[in-house]
2 protein chains.
Amino acid sequence: MRRGPRKRTTRQLEQVFKALHGDHSHPIAHEIYRRVHKKLPRISLATVYRNLHTLVEEGKIRTLLLGDQVARYDPETREHDHFICERCGRVSDVFLKRARRIDLSPLARDGYVVTTHNLTVYGMCRVCAGRRRTSKPSRAARKPSVRTMAVIRG
Amino acid sequence: MRRGPRKRTTRQLEQVFKALHGDHSHPIAHEIYRRVHKKLPRISLATVYRNLHTLVEEGKIRTLLLGDQVARYDPETREHDHFICERCGRVSDVFLKRARRIDLSPLARDGYVVTTHNLTVYGMCRVCAGRRRTSKPSRAARKPSVRTMAVIRG
DNA sequence: TTGCTTGCAAATTTTTTGCAAAAAC
DNA sequence: GTTTTTGCAAAAAATTTGCAAGCAA
């Protein structure tokens, strides 16, 4: 999972990991920077990016590229899927049972060698489904760009 | 699917659509620009982007955000999935039978309202699976960034 | 000490925008 | 003729990189 020189334990690396550990909000790099900045006011965004990459290489966190062209980071490394609320923008972890997951055998029969797959579901989260037409959409985590309206987000 | 003033038919719009029509290679904007540029040497990249957006709004093509933070465009508007070859970078359309697709009912039971979902599969395409360890990976369509090694691309 | 890591600034990459001129209808 | 679209250049937004100085081992 890693090659090259062994990594050193720096305050910056530790804090970047701490900022993400146990969090299920799938923050983007700048949000993580904001969090770490409170502990280490001199840290730079570049260092946050570099440490996020380090953590990904070490398998401690994962990068999520869910379709808004901005990388999100997830400390949940177990296999799981994601649900994106089209109203509030929140990204939730979703654990579908293995048996309920996708049958990819037709691909294998077709000559493809499958290593992994990714499933992202779109719709309304529980909170927003409740509020249905009461309040107007809040763009919580992220601005849903004009484009994302008619997009296949993969 | 559209609002605002009705669109005018320009040579630029026509050529952008032609450049994509019937193509299954999922090109990025710059590749489309390159193609159209042969026909209309004075076209600008901005115009290509604007026309791609127009075509998406009209439902003639789709935007694919598959995880490399670069938008791809697909003239195939029927519901389908994608396979990304981790060796050559090629993106293939994949049509899995409805019955074989994902059972999302657990989500509904959990209070989520599902509108769409997206499935992307990773592995080796037929061509590369044949060549297995003969030739070294070519980064055909796109550079697989270092990051994409340990990423959940969704 | 050695050499990986940081902070800062500048560079990259992809996409969007402002605006006057050109093209559609 | 009026209104949309284009081309060009500049702006934005996200991420990466060069480099001297700082720190971990």
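**Exercise 1. Find the salt bridge between Glu76(A) and Arg78(A), and say how buried or exposed each partner is.**

Step 1. Start with the rule: a salt bridge needs a side-chain nitrogen of Lys or Arg within 4 Å of a carboxyl oxygen of Asp or Glu. The side chains of Glu76(A) and Arg78(A) pass, with N to O at 2.7 Å. Side chains of opposite charge can pair when their charged atoms come close.

Step 2. Now check accessibility, where buried means under 20% relative accessible area, exposed over 50%, and partly exposed in between (1.4 Å probe, protein chains only). Glu76(A) has 10%, so this residue is buried. Arg78(A) has 54%, so this one is exposed.

A word on the model before you go on: it is predicted, so local features need pLDDT of at least 70 and side-chain atom pairs count only at pLDDT 80 or more, while totals for chains, interfaces and linings use all residues. Residues are numbered from 1 along each chain as its sequence is written, chains are lettered from A and ligands numbered from 1 in the order in which they are written, and side-chain values use heavy atoms, with hydrogens and water left out.

**Exercise 2. Work through Arg72(A) with Asp68(A), then Arg35(B) with Glu31(B).**

Step 1. In the salt bridge of Arg72(A) and Asp68(A), the closest N and O atoms are 3.6 Å apart. Arg72(A) is buried at 3%, and Asp68(A) is partly exposed at 22%.

Step 2. Over in chain B, Arg35(B) and Glu31(B) meet at 2.9 Å, N to O. Both sit in helix H2 of chain B, four residues apart, or about one turn of the helix. (Helices, H or I with at least four residues, and strands, E with at least two, are DSSP runs numbered from the N terminus.)

Step 3. Salt bridges can also share partners: Asp23(A), Glu31(A), Arg34(A) and Arg35(A) are joined this way into one network. The search of the whole structure gives 14 salt bridges over all chains.

**Exercise 3. Which residues of helix H1 of chain B are buried, and what do they pack against?**

Step 1. Look along residues 11-20: Leu13(B), Gln15(B), Val16(B), Ala19(B) and Leu20(B) are buried. Viewed down the axis of H1(B), they fall within an arc of 170 degrees (taken from the directions from the helix axis to the C-beta atoms), so they line one face of the helix.

Step 2. Turn to the face pointing away from that buried side, and you meet the exposed residues Arg11(B) and Lys18(B).

Step 3. Use contact (heavy atoms within 4.5 Å) to find the packing partners. The buried residues of H1(B) pack against helix H2 (29-39), helix H3 (45-57) and strand S2 (72-74) of chain B.

**Exercise 4. How many disulfides does the structure hold?**

Step 1. A disulfide is a pair of cysteine sulfur atoms within 2.5 Å. The count over all chains is zero.

Step 2. Try Cys85(B): its nearest cysteine sulfur, in Cys88(B), is 3.7 Å away. For Cys128(B), the closest is in Cys85(B) at 3.8 Å, too far for a bond. Cys85(B) is buried at 2%, as is Cys128(B) at 5%.

**Exercise 5. Describe where chain B meets chain A.**

Step 1. Count residues: 51 come from chain B and 53 from chain A.

Step 2. Pick out charge pairs: the rule finds two salt bridges across this interface. Asp110(A) pairs with Arg126(B), with closest N and O atoms 3.9 Å apart.

Step 3. On the side of chain B that touches chain A, S5(B) gives the most, with twelve residues.
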